[in-house]
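Here is a walk through one protein model, meant for someone meeting it for the first time. Please keep the sequence and the structure in view while reading.

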Amino acid sequence: RRSKVARVIAASNADVVGTQEGLAHQLRNITDDLEALGVQYSCFGRAREVGFRFRPVGEHCAIWYRGDNDTLERLSDATFALSETPERLGSKSWGTACPRIATYAWFFLGGDSAIGR
């Protein structure tokens, strides 16, 4: 599936792509596949849980954005827990079965951007 995902993203020519429930190795593989197709995307987002020795584990809500786009600049981003303690990744609240997260980013659209048209 990963090569199909990379081809769909590349064919869409999307400037920003949001993902859900991707594991770190899957995100790296798709990024590699995109590079092999000649498309540069940067990927960010944190894992939803912290494991042994505070290493991130589990699924990500990652965001890819075009690294070769002169009009799109990432200004800031964060991943937070959807819980009563959003700063603690891996935290659960409100009876959820597993930790839930969200990732967001602020981008600057400069130049003669066609984004949003």
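Helices and strands are taken here as DSSP runs, with at least four residues for a helix and at least two for a strand, numbered from the N terminus. In this model, which is predicted, the protein chain follows the pattern α-β-α-β-β-β-β-β-β when read along the sequence, and its elements amount to two helices and seven strands.

Turning to the chain as a whole, buried residues account for 32% of the 117 residues, while the exposed surface comes to about 7,700 Å², of which carbon and sulfur atoms supply 50%. Where contacts join residues at least 6 apart in sequence, 63% of them link residues at least 24 apart.

Aromatic rings offer a second view of the chain. Three aromatic pairs are counted, and ring pairs connect Phe44, Tyr65 and Phe107 into a cluster. Phe44 also has a charged partner, since the charged end of Arg74 sits over its ring, 4.3 Å from the ring centre.

A closer look at one residue can end the tour. Ser91 belongs to the loop between strand 6 (72-81) and strand 7 (101-109), and what makes it count as buried? Ser91 counts as buried because its relative accessibility is 6%, and buried means under 20%. Leaving aside residues up to four places away in sequence, Ser91 touches Ala81, Ser83, Thr85, Pro99 and Arg100. With Ser83 there is a polar contact of 2.6 Å between the two side chains, whereas at Thr85 the backbone oxygen lies 3.1 Å from a polar atom of the Ser91 side chain.

Definitions and conventions:
Residues numbered from 1 in each chain as written. Predicted model: local features only at pLDDT ≥ 70, side-chain atom pairs only at ≥ 80, totals over all residues. Heavy atoms only, no water. Phe/Tyr/Trp six-rings, centres within 6.5 Å; stacked < 30°, edge-to-face > 60°. Lys NZ or Arg CZ within 6 Å of the ring centre and 35° of its normal. Buried < 20%, exposed > 50% of the residue type's maximum accessible area, 1.4 Å probe, protein only. Contact = heavy atoms within 4.5 Å. Areas by Shrake-Rupley, 256 points an atom, 1.4 Å probe, with all protein chains shown as cover. Polar contact = N/O pair within 3.5 Å; in protein donor to acceptor, adjacent residues only side chain to side chain.
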